[in-house]
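Hi,

Here is the structure I promised to pass on to you. Have a look at it first, and then read on for my notes on what turned up.

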Amino acid sequence: MFNQSRLRFEQQVAILVGLLCVALAGVMIVGAIMIGRREAVRMVRQNMSELASNMASALDSTMRDRFREIQVIGGLRPLRTAWRTDPGQVREVLDTLQASLPAYTWIGFAAPDGTVLSSTKKLLEGASVAERPWFVNGLKAPSVGDVHDAKLLATVLRRGPDVGPFRFVDVSVPVRDEAGMLAGVLGAHLSWSWAGDLRQRLLSSDGAGRETEVWVLASDGQILLGPTLGAAPFDAQRLTFFAIERSGVFEDRSAGDTILTGFAVTSSDKTYPGLGWIVVSRRPVSVAYKAIDDTARTIVLSAPGWPCSASRWPG
């Protein structure tokens with residue numbers, strides 16, 4: 001009788017210890033999953049923020065380089081006597097620059113009255129650009145112009161009715177002669193397609209997958225590179241948030257689905273005025289966190305009661 005009572009007591013203790021062990025294992029597993037998930041989520045969010053920042057930095061770097069190149073060409077001493085008197089020499093320099101960087105769709109020099117005197121491949125020579133913003137702004141100071149459709153160039157570049165609209169960003173600088181007098185404006189149109197190529201390279205190198213999008217917005221919030229050109233996907237409050245924070249990540253619920261969204265605003269400095277572009281990287285939360293949740297689920301389903309595995313239960 002005593003032995004039977006002792007056996008039942010030992011079995012009860014074993015069961016209790018087993019339950020405590022299972023509970024401990026559960027707590028440890030859940031704690032590990034929570035800590036791991038928190039860190040994994042942080043890394044995913046950081047990746048989305050970095051994706052937007054990398055795109056913004058690349059846009060800035062490209063535009064800043066082009067801005068400086070046109071300033072260098074505009075300030076070349078050997079050309080100071082050639083701007084008005086030797087269009088052939090000027091054209092040769094401009095053609096060489098365009099050949100070295102195909103993103104330059106057109107580079108031209110216009111006299112103070114707006115008449116194009118020299119240009120790459122002689123396009124628009126003799127035409128007036130007096131009312132074009134790049135020329136008007138370039139008369140005053142070195143400037144950059146935001147993305148826009150082509151006007152004059154569309155008529156000479158279009159190869160067929162099915163070709164989409166030509167879109168450019170502009171760089172222009174005032175040019176002076178030997179006496180320091182205004183000789184005209186040197187301007188360049190860069191095809192906006194280079195930004196799309198840049199985005200594609202960035203997404204490929206990042207391994208982001210088809211579910212990830214990168215948009216470029218103008219400073220007023222309109223889409224310059226993205227699914228619906230000209231659309232304004234964010235309200236004024238969000239644009240203010242972008243302007244203040246400059247970079248970061250948030251979960252966008254404005255369109256129904258929750259989208260993990262990284263953002264970064266392009267910069268400016270004393271040597272480059274900048275355009276205030278806003279880059280956003282977007283990935284559905286269901287996709288962004290799927291691998292994390294799948295891993296957690298697998299751990300829960302396959303985790304053994306390892307804290308108890310070394311114990312031997314009487315019975």
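Five strands make up an open sheet in the order S2-S1-S5-S4-S3, and their pairing is antiparallel. The strands at its edges are S2 and S3 (143–149), each of which pairs on one side only. On average, neighbouring strands in this sheet are turned by 25° against each other, direction ignored. Please keep in mind throughout that this is a predicted model.

Within that sheet, S1 (residues 104–110) and S2 are joined in the antiparallel sense over three bridges. One pair to look for is Phe109, whose bridge partner in S2 is Ser118. Two helices pack on this sheet. Helix H2 (residues 87–100) touches S1, S2 and S5 (182–191), and the direction of H2 makes about 160° with that of S1. Helix H3 touches S1, S3, S4 and S5, with its direction at about 135° to that of S5.

Strand S4 (residues 167–176) holds a residue worth a click, Pro174. Which residues does Pro174 contact, leaving aside its neighbours within four places in sequence? They are Gly138, Leu139, Ala141, Pro142, Leu182 and Gly184. For Leu139, the C-alpha atom is separated from that of Pro174 by 5.3 Å, although the two residues are 35 apart along the chain. Helix H3 spans 133–140, and S4 is among the strands that H3 touches.

The loop between S2 (116–119) and H3 also deserves a moment, and Lys122 lies in it. The phi of Lys122 is near 65°, a positive value in a residue other than glycine. Leu124 is found in the loop between S2 and H3 as well, and has a positive phi of about 70° although it is not a glycine. Are these two residues buried or exposed? Lys122 has a relative accessible area of 52%, so it counts as exposed, the cut-off being over 50%. Leu124 has a relative accessible area of 15% and is therefore buried, since buried means under 20%.

Now for the other sheet. It is an open sheet of five strands in the order S7-S6-S10-S9-S8, again with antiparallel pairing. Strand S7 (223–225) and S8 stand at its edges with a single partner strand each, so one side of each has no neighbour in the sheet. From one strand to the next, the twist averages 30°.

S8 (residues 247–252) and S9 (residues 259–265) run antiparallel and are joined by six bridges. The two strands form a hairpin with six residues between them. In the turn of that hairpin, Gly256 has a positive phi of about 105°. Across the pair, Gly248 stands opposite Phe263 in S9. S9 also pairs with S10 (residues 278–284), in the antiparallel sense and over seven bridges. There, the bridge partner of Ile259 in S10 is Pro284.

The side chains along S8 alternate. Gly248, Phe250 and Asp252 point to one face and are buried, while Ser247, Val249 and Glu251 point to the other face and are not buried. That fits the general rule: in a regular strand, side chains alternate between the two faces of the sheet.

What does Ser49 touch, not counting residues up to four places away in sequence? It touches Gly248, Val249 and Gly262. Ser49 sits in helix H1 (residues 2–74), whereas Gly248 and Val249 belong to S8. With a relative accessible area of 15%, Ser49 is buried.

Finally, some figures for the chain as a whole:

- The chain has eight helices and 10 strands.
- Of its 315 residues, 39% count as buried.
- Among the contacts with a separation of 6 or more, 59% are between residues 24 or more positions apart.
- The chain exposes about 17200 Å², and carbon and sulfur atoms supply 57% of that area.

If you only have a few minutes, I would start with Pro174 and its contact with Leu139, then move on to the S8 and S9 hairpin and to Ser49, which touches Gly248 in S8.

Happy browsing, and best wishes

Technical notes. Residues are numbered from 1 along each chain as its sequence is written. This is a predicted model: local features need pLDDT of at least 70, side-chain atom pairs count only at pLDDT 80 or more; totals for chains, interfaces and linings use all residues. Side-chain values use heavy atoms; hydrogens and water are left out. Helices (H or I, at least four residues) and strands (E, at least two) are DSSP runs, numbered from the N terminus. Buried means under 20% relative accessible area, exposed over 50%, partly exposed in between (1.4 Å probe, protein chains only). Contact means heavy atoms within 4.5 Å. Accessible areas come from the Shrake-Rupley method with a 1.4 Å probe; for residues, only the protein chains shown count as cover. Two strands pair if DSSP finds at least two bridges between them. Axes are lines fitted to C-alpha atoms, for helices over the stretch in contact, and angles run from 0 to 180 degrees between N-to-C directions.
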